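Q: I am new to this structure and would like a close look at one of its helices. Please pick one, walk me around it, and then show me how the rest of the chain is arranged.

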Amino acid sequence: MVLINCACCAAPLPHPAKQCSRCKTLYCSPTCQKQHWEQGGHDKLCRKIRKGGGAEQYHADTKFKEAVTVAAEACKEDAKGQTCYI
């Protein structure tokens, strides 16, 4: 998964893009970075993103966990009375 949009406004990223110095989350401008920190909740997630290997890895892992949950629920429905091996 390659992040190509601003984390705040979803605009395409310029090259080189502005990034958070701690977790490397990408932004299209310093204004978006400040807004995401103050109003978008980035201040709460920043350490988790860094600990999770950076923005790309953190978001890929999050999407993977969501997909596994959906697949397990679908398997559970399809395999009523049987064992689901997901």
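A: Of the 86 residues of the protein, 21% count as buried; buried means under 20% relative accessible area, exposed means over 50%, and partly exposed lies in between, with a 1.4 Å probe and protein chains only. This is a predicted model, in which local features need pLDDT of at least 70 and side-chain atom pairs count only at pLDDT 80 or more, while totals for chains, interfaces and linings use all residues. Residues are numbered from 1 along each chain as its sequence is written, and side-chain values use heavy atoms, with hydrogens and water left out.

Let's get our bearings. The protein has three helices and two strands, and from the N terminus on they come in the order β-β-α-α-α. Its radius of gyration is 17 Å, well over the 12 Å that the globule rule gives for 86 residues, so the protein is more spread out than a compact globule. That radius is taken over C-alpha atoms, and the globule rule is 2.2 Å times the number of residues to the power 0.38. Along the principal axes, the C-alpha atoms fill a box of roughly 55 × 25 × 20 Å. Helices here are DSSP runs of H or I with at least four residues, strands are runs of E with at least two, and both are numbered from the N terminus.

The part to look at closely is helix 2, which covers residues 42-51. Start with its inner side: H42, C46 and I49 are buried. Looking down the axis of helix 2, these buried residues fall within an arc of 80°, so they line one face of the helix. The arc is that of the directions from the helix axis to the C-beta atoms. What lies over that face? The cover for the buried residues of helix 2 includes strand 2 (26-27), helix 1 (30-38) and helix 3 (55-78); contact here means heavy atoms within 4.5 Å.

Now turn to the other side of helix 2, where K44, R47, K48 and K51 are exposed. K44 has a relative accessibility of 64%, and its side chain meets that of D43 in a salt bridge, at 3.6 Å from N to O. A salt bridge is a side-chain nitrogen of Lys or Arg within 4 Å of a carboxyl oxygen of Asp or Glu. The structure holds one salt bridge, so its partner D43 deserves a look too: D43 is partly exposed, with a relative accessible area of 33%. After helix 2 comes G53, whose phi is positive, near 100°.

From helix 2 you can also gauge a distance across the model. L45 and C75 are 30 residues apart in sequence and 31 Å apart in space, C-alpha to C-alpha. C75 is found in helix 3, and C75 is buried, at a relative accessible area of 18%.

Cysteines turn up elsewhere as well. How many disulfides does a search of the whole structure find? The search finds zero, where a disulfide is a pair of cysteine sulfur atoms within 2.5 Å. For C6, the closest cysteine sulfur is in C28, 3.8 Å away and too far for a bond. C28 is in no disulfide either, and its nearest cysteine sulfur, that of C9, is 3.6 Å away. C6 is buried at a relative accessible area of 4%, whereas C28 is partly exposed at 26%.

A few backbone details are worth finding on the way toward the strands. H15 and P16 are joined by a cis peptide bond, with omega about 0°, and P16 lies in the segment before strand 1 (18-19). A10 lies in the segment before strand 1 as well; A10 has a phi near 70°, a positive value in a residue other than glycine, and is partly exposed at 48% relative accessibility. K24, in the loop between strand 1 and strand 2, has a positive phi of about 70° although it is not a glycine, and it is partly exposed at 43%.
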